[in-house]
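Reader: Hi! I have a protein structure to look at for class, and I'd love some help finding my way around it. Could we go through it together?

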Amino acid sequence: MNSKTNKITVWTLFLFTLLLPSTAFAQEAESDDLGKVFHIGVMAFFLFVFIILITLVAYHNRTDEEIPSLVRAWQWFRKKMTNSKPLEEEDTIILNHEYDGIKELDNVLPPWWKYLFYATIVFAMIYMLNYHVINVWALSDQEYQEEVRVADEKIKELIGSGAFINEKNVVALTDPASISLGAQIFQKNCTSCHGQKAEGNIGPNLTDDYWINGGGIHNIFKTISNGVLAKGMLSWKNQLKNKEIQQVASFVLSLKGSNPPNAKAPQGTIWSDPTVKDSTKVRNDSLKTL
């Protein structure tokens with residue numbers, strides 16, 4: 001194996017060992033401390049494997065004189081972990097069993113295998129003690145319930161912030177607190193175009209029955225959120241939260257019929273809410289049936 005091939009192999013192995021634990025960390029980015037410790041151990045393990053692979057590649061087909069003492073120490077350690085007999089000593093472990101010319105060797109179990117088996121026993125004891133006796137670590141069902149609880153809290157926070165409010169499901173607010181908050185938002189952001197009392201300035205009067213882009217909570221919410229660039233109306237969805245847009249739209253609706261001084265002439269067309277039935281028409285239709 002030439003030096004160029006060695007380099008390619010080493011870098012391939014390096015990237016492979018980095019990608020595996022990195023992927024594991026990405027999946028557990030929001031896990032608890034125990035998960036992070038586990039994945040640190042995974043990274044350390046793959047780093048150890050990487051070092052071993054580099055050693056095998058770098059000193060492949062080398063003579064003993066060319067191998068440094070550190071690598072020879074590793075070879076000694078490997079021999080201790082495998083405890084296998086070299087080919088020239090296999091005659092000492094041949095059993096008296098022979099099948100079709102195949103002789104059986106009395107090899108011992110590798111020490112690394114036995115140590116790994118002992119480690120699994122220790123791990124099982126720690127696992128049982130922590131999960132089922134002193135309950136240091138949560139079982140999967142408990143972890144699930146905790147995740148559900150956290151998710152429910154996040155959903156409540158999102159609902160409270162109005163993250164799920166949009167132009168289709170928005171409703172007009174009528175409580176004094178919401179109207180007051182909407183008034184504050186209006187005074188801060190809207191008076192330069194619509195006047196201090198929404199009487200109209202650069203923008204239209206917002207207190208009459210005429211609307212350029214449709215009245216009602218749904219249309220007003222949509223207009224504030226998306227804006228009307230052709231008319232110079234900016235989009236506020238990046239500056240205001242959906243809840244704040246709902247509040248200011250509700251405040252605008254509360255101004256209907258306020259008749260402020262110096263009101264701007266009507267613009268657009270008269271708009272009536274199609275969801276509200278005309279009581280006069282209903283009464284006339286009822287009389288016709290009598």
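**A walk through the model**

Author: Happy to! Let's begin with a pair of strands: β1 (residues 94–99) and β2 (residues 102–105) pair in the antiparallel sense over 3 bridges. Keep in mind that this is a predicted model.

Reader: Which residue in β2 is the bridge partner of Tyr99?

Author: That is Ile102.

Reader: And what does Asp100 do in the hairpin?

Author: Asp100 takes a positive phi, near 50 degrees. The hairpin of β1 and β2 has 2 residues between the strands.

Reader: Let me zoom out. How many helices and strands are there in the protein?

Author: The protein has 10 helices and 4 strands. Starting at the N terminus, the order is α-α-α-β-β-α-α-α-α-β-α-α-β-α.

Reader: How much of the protein is buried?

Author: Of the 290 residues, 23% are buried. The protein exposes about 21500 Å², and carbon and sulfur atoms supply 60% of that area.

Reader: What about contacts between residues that are well separated in sequence?

Author: Take the contacts between residues at least 6 apart in sequence: 59% of them join residues at least 24 apart.

Reader: Next topic: helix α4. How many residues does α4 have, and what span does it reach?

Author: Helix α4 covers residues 111–133, which is 23 residues. From its first C-alpha to its last it reaches 32 Å, close to the 33 Å expected at 1.5 Å a residue.

Reader: Which residues of α4 are buried?

Author: The buried residues of α4 are Pro111, Asn130 and Tyr131. After α4 comes Asn135, which has a positive phi near 55 degrees.

Reader: Now charges. How many salt bridges are there?

Author: The count comes to 3 salt bridges. Glu146, Arg149 and Glu153 are linked in a network of them.

Reader: What are the N to O distances in that network?

Author: Arg149 and Glu146 meet at 2.5 Å. For Arg149 and Glu153, the closest N and O atoms are 2.6 Å apart.

Reader: Why can Arg149 line up with Glu146 along the helix?

Author: Arg149 and Glu146 are 3 residues apart in helix α5 (residues 140–161), so about one helical turn separates them. Arg149 and Glu153 also lie in α5, 4 residues apart, again about one turn. In general, an α-helix has 3.6 residues a turn, so residues three or four places apart point the same way.

Reader: Are those side chains buried or exposed?

Author: They sit in between. Arg149 is partly exposed at 39% relative accessibility. Glu146 is partly exposed at 38%, and Glu153 is partly exposed at 38% too.

Reader: Which residue does Asp209 form a salt bridge with?

Author: Asp209 bridges to Lys256, with the closest N and O atoms 3.5 Å apart. This pair links distant parts of the chain, 47 residues apart: Asp209 is in the loop between α7 (191–194) and β3 (210–211), while Lys256 is in the loop between α9 (242–254) and β4 (269–270). Asp209 is partly exposed at 35% relative accessibility, whereas Lys256 is exposed at 56%.

Reader: Switching again: how many disulfides does a search of the whole structure find?

Author: The search finds 0 disulfides.

Reader: Why is there no bond between Cys190 and Cys193?

Author: The sulfur of Cys190 is 8.3 Å from the closest cysteine sulfur, the one in Cys193, so they are too far apart for a bond. A disulfide would need the two sulfur atoms within 2.5 Å. As for accessibility, Cys190 is buried at 19%, while Cys193 is partly exposed at 29%.

Reader: Last one! Where does Ile217 lie, and is it buried or exposed?

Author: Ile217 lies in helix α8 (residues 216–226). Ile217 is buried, with a relative accessible area of 10%.

Reader: Which residues is Ile217 in contact with?

Author: Leaving aside neighbours within four places in sequence, Ile217 is in contact with Val170, Val171, Ala172, Gln246, Ala249, Ser250 and Leu253. One of these, Gln246, is 29 residues from Ile217 along the chain, and their C-alpha atoms are separated by 8.0 Å.

Reader: Thanks, that helps a lot!

How values were computed. Residues numbered from 1 in each chain as written. Predicted model: local features only at pLDDT ≥ 70, side-chain atom pairs only at ≥ 80, totals over all residues. Heavy atoms only, no water. Buried < 20%, exposed > 50% of the residue type's maximum accessible area, 1.4 Å probe, protein only. Contact = heavy atoms within 4.5 Å. Areas by Shrake-Rupley, 256 points an atom, 1.4 Å probe, with all protein chains shown as cover. Expected span 1.5 Å × (residues − 1). Salt bridge = Lys/Arg side-chain N within 4 Å of Asp/Glu carboxyl O. Pairing = 2+ DSSP bridges.
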